[in-house]
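Here are my notes on this model, set out as numbered points. I hope they are handy to keep beside you while you look around.

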Amino acid sequence: MEKQTKSTIQEDMKKLQLYTYDFIQQYALVHQGKEEAEGITPLLQAISRSIGHPVAYFDKEGRFLGESLLSKNRSTRLDSNASDVFMHHFEEDRALSMQNKSVVTIVQDGSKHQVLLTLPYYAGGQYEGVFRMLGDYSSRYAHNAVMLRSLAWFMAGLFVIVPIFSYLLSRKITRPLLTLSRVMRDFGEGGQEDETLPLERRDEAGQLAESFKRMKEQIEKQMTHLAEERNRVIELEQSKRRFYQHMTHELKTPLTSISGYAQIISEPGFNDPVFLERAAHRIKAESERMHAMVVQVLELARREDRQNEPAKLPFDLGAQLKACCEDMEMKASRYNIKLQCNMQPVLMNGQEEELRRVWVNLLDNAIKYGAAGTTIAIKTECVEGDIIVRLRNELDQDQKADAALIFEPFYRENDMLAKEKGSIGLGLAICRSIIERHAGTIHFQQGDRFAVVQVQLPYGHKLATN
């Protein structure tokens, strides 16, 4: 709006400029020869009466010579004192007029908006001075301000009315979709279907609800599967990393010992039969330890990777556990520990020798870490088609074991507390591999100074294959 007003002022001033120059030419023709005698005052008053605006004149030196004021009856009077508005921006506008340029200057004082038109005045082809004409555009600016306020209120009303109308219209159109959205949110939060559920509808809303329900079920199934696969990959990667770290550590110790002895006895001039005998004994012992370690590692890898399993045959698990307890009684008595076996005949299909190794391994660990003068209890029970074997022993000291890592290869948290040395921590890992190949589970629990290992096996099962 303001830009349009300024454009209108420019057009008005251009017209006023042309009119003023025409008027000056006509005035010169009419008053030819009288201008010098009468001076500039008659021309100044004549221009003011003709254009209906106050006019001031400044000579070529920039001196104020007079200001023509217009009364209500369009009569003029000459004022010898220049109004402040005529002096506004005077020097800059005068400098441009001396270059034969007309200048339009807008003067704003509060709510007043006045426009000065500065025109150069030539007589006989010589620059004589400058006319400054004053136009009052306050009413136009006030009118524009009123229009702007009215437009602002109108726009504000639109901003209020249009959203309300749009909201009411959208509510009417989208009410079924809003209902469907609420029901979908309830589905996501586990809510129950209510009477507004549009599944029975035959229109697009009903089809959308049915499609959403199927999609939700598929997404949940896929997300569960992806989470399980991700956790499995992370677990396998961590297990693999721990395996190589422990394997490297376990092989480093005997290799260091063998290398040290070999370096000493290979030195020139070595002649120490006693040391040589001790070195040979030590190298043999470390070599046997490495051999046993490699054999166990290969066995564990073979169990995890092999595709074909021996045939499963029925056998009495209770009798097998009882026989294992009898075999381990001598070792347990050596550490003043008793074995209490509470068995019942249980017929199951499986690999008898493989499972026997599990029980011997578990009993051996319980004896190594058990407290002297205590009892190791082994019990079997049948629960909902599964066979549960539970082994419970009292620990020698307050020992802490990580239930999540105890069946990992090379895990030996309490190795310093064991009664026997030399274990490389693969026994329980092999046990877990055997149990999992029999479609069972093995868990470790610890509370106070008691440790419990629980094995759960199905009666009849299909052996897992990779």
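1. First, some terms: two strands pair if DSSP finds at least two bridges between them. Helices (H or I, at least four residues) and strands (E, at least two) are DSSP runs, numbered from the N terminus. This is a predicted model, in which local features need pLDDT of at least 70 and side-chain atom pairs count only at pLDDT 80 or more, while totals for chains, interfaces and linings use all residues. Residues are numbered from 1 along each chain as its sequence is written, and side-chain values use heavy atoms, with hydrogens and water left out.

2. Let's start with the open sheet: 6 strands, antiparallel in their pairing, follow the order β3-β2-β1-β6-β5-β4. Its edge strands, each paired on one side only, are β3 (76-79) and β4 (103-109). From one strand to the next, the twist averages 20 degrees.

3. At the β4 edge, 7 bridges link β4 to β5 (residues 112-123) in the antiparallel sense. There you will find V104 opposite L117 of β5.

4. Helix α4 (residues 90-97) lies across β1 (55-59), β4, β5 and β6 (126-136) and runs at about 130 degrees to β6. Angles run from 0 to 180 degrees between N-to-C directions, with axes being lines fitted to C-alpha atoms, for helices over the stretch in contact; contact means heavy atoms within 4.5 Å.

5. Next, a hairpin: β10 (residues 375-383) and β11 (residues 386-394) pair antiparallel over 7 bridges, and K379 stands opposite R390. The hairpin has 2 residues between its strands, and E384 takes a positive phi near 50 degrees. β11 also runs antiparallel to β13 (residues 450-458), joined by 9 bridges, with R392 facing V452.

6. Does the length of helix α8 (residues 317-334) agree or disagree with its residue count? It agrees, because its 18 residues should span 26 Å at 1.5 Å a residue and its end C-alpha atoms are 26 Å apart. The expected span is 1.5 Å times one less than the number of residues. Even so, α8 has a kink of about 45 degrees centred on M328, the bend being the angle between axes fitted to the seven residues ending there and the seven starting there.

7. Buried residues of α8 (under 20% relative accessible area, 1.4 Å probe, protein chains only) include L321, C324, C325 and M328. The buried residues pack against β7 (313-316), β8 (338-342), β9 (347-350), α9 (352-369), β10 and β11. Just after α8, N336 takes a positive phi of about 60 degrees.

Key. Buried < 20%, exposed > 50% of the residue type's maximum accessible area, 1.4 Å probe, protein only.
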